[in-house]
Amino acid sequence: SSDVADKPDTSSAAPVVPAVRLAIPSIKTATGAELKAARGEVHRVKTALGERGPVWWPDNAPDLTRKLAKNTPYADWYETQPGADR
């Protein structure tokens, strides 16, 4: 569902958005324990925002994130789109 009412409440995550903005660039320069900590922070924030973790929609539809459209139930539709790689 695309109904905003169906989505999880992310208002509590709003204060952590600046944290992920700081953590993502630090991944590029960090090493060792700092890198592990930065990745952990990014994961924590993205999970709080609903970008990672269990699906939040209640319709039992599969999570097709990170799937090629041509390998999903949308394959027939995809083939009709301009620029679809065939």
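Buried means under 20% relative accessible area, exposed over 50%, and partly exposed in between, with a 1.4 Å probe and protein chains only. The model is predicted, so that local features need pLDDT of at least 70 and side-chain atom pairs count only at pLDDT 80 or more, while totals for chains, interfaces and linings use all residues. Residues are numbered from 1 along each chain as its sequence is written, and side-chain values use heavy atoms, with hydrogens and water left out.

**Exercise 1. Describe the make-up of the protein chain and the confidence of the prediction.**

Step 1. Helices (H or I, at least four residues) and strands (E, at least two) are DSSP runs, numbered from the N terminus. The protein chain holds three helices and zero strands, and its elements run α-α-α from the N terminus on.

Step 2. With pLDDT being the predictor's confidence in each residue, from 0 to 100, the protein chain has a mean pLDDT of 78, and 78% of its residues reach 70 or more. Among the elements, helix α1 (residues 17-29) has the lowest mean pLDDT, 76, and α3 the highest, 92.

Step 3. Of the 86 residues in the protein chain, 15% are buried. Accessible areas come from the Shrake-Rupley method with a 1.4 Å probe, and for residues only the protein chains shown count as cover; the protein chain exposes about 6,800 Å², of which carbon and sulfur atoms supply 56%.

**Exercise 2. Work out the length of helix α2 and where its buried residues lie.**

Step 1. The expected span of a helix is 1.5 Å times one less than its number of residues. Helix α2 (residues 32-48) has 17 residues, and its reach of 25 Å from the first C-alpha to the last is close to the 24 Å expected at 1.5 Å a residue.

Step 2. Leu-35, Ala-38, Val-42 and Val-45 are the buried residues of α2. They lie on the same side of α2 because they cover an arc of only 100 degrees around the axis, the arc being that of the directions from the helix axis to the C-beta atoms.

Step 3. Gly-32, Ala-33 and Lys-36, on the other side of α2, are exposed. Just after α2, Gly-50 takes a positive phi of about 85 degrees.

**Exercise 3. Place Leu-35 in its surroundings.**

Step 1. Leu-35 lies in helix α2 and is buried, with a relative accessible area of 17%.

Step 2. Contact means heavy atoms within 4.5 Å. When neighbours within four places in sequence are left aside, Leu-35 is in contact with Ile-27 and Ala-30.

Step 3. Leu-35 and Ala-23 are twelve residues apart in sequence, and their C-alpha atoms are 9.5 Å apart in space.

**Exercise 4. Find the salt bridges and state how exposed their partners are.**

Step 1. A salt bridge is a side-chain nitrogen of Lys or Arg within 4 Å of a carboxyl oxygen of Asp or Glu, and by this rule the count comes to two salt bridges.

Step 2. One of them joins the side chains of Glu-41 and Arg-44, at 2.7 Å from N to O. Both residues lie in helix α2, three residues apart, which is about one turn of the helix. An α-helix has 3.6 residues a turn, so residues three or four places apart point the same way. Glu-41 is partly exposed, with a relative accessible area of 23%, and Arg-44 is also partly exposed, at 40%.

Step 3. Lys-46 forms a salt bridge with Glu-51, and the closest N and O atoms are 3.6 Å apart. Lys-46 counts as partly exposed at 21% relative accessibility, whereas Glu-51 counts as exposed at 53%.

**Exercise 5. Characterise three residues of the loop between α2 and α3.**

Step 1. Asn-60 lies in the loop between α2 and α3, where its phi is near 65 degrees, a positive value in a residue other than glycine. Asn-60 is exposed, with a relative accessible area of 75%.

Step 2. Arg-66 is found in the loop between α2 and α3 and has a positive phi of about 65 degrees although it is not a glycine. At 83% relative accessibility, Arg-66 counts as exposed.

Step 3. Thr-72 has its place in the loop between α2 and α3 (75-79), but is buried, with a relative accessible area of 13%. Apart from neighbours within four places in sequence, Thr-72 is in contact with Leu-64 and Lys-67.
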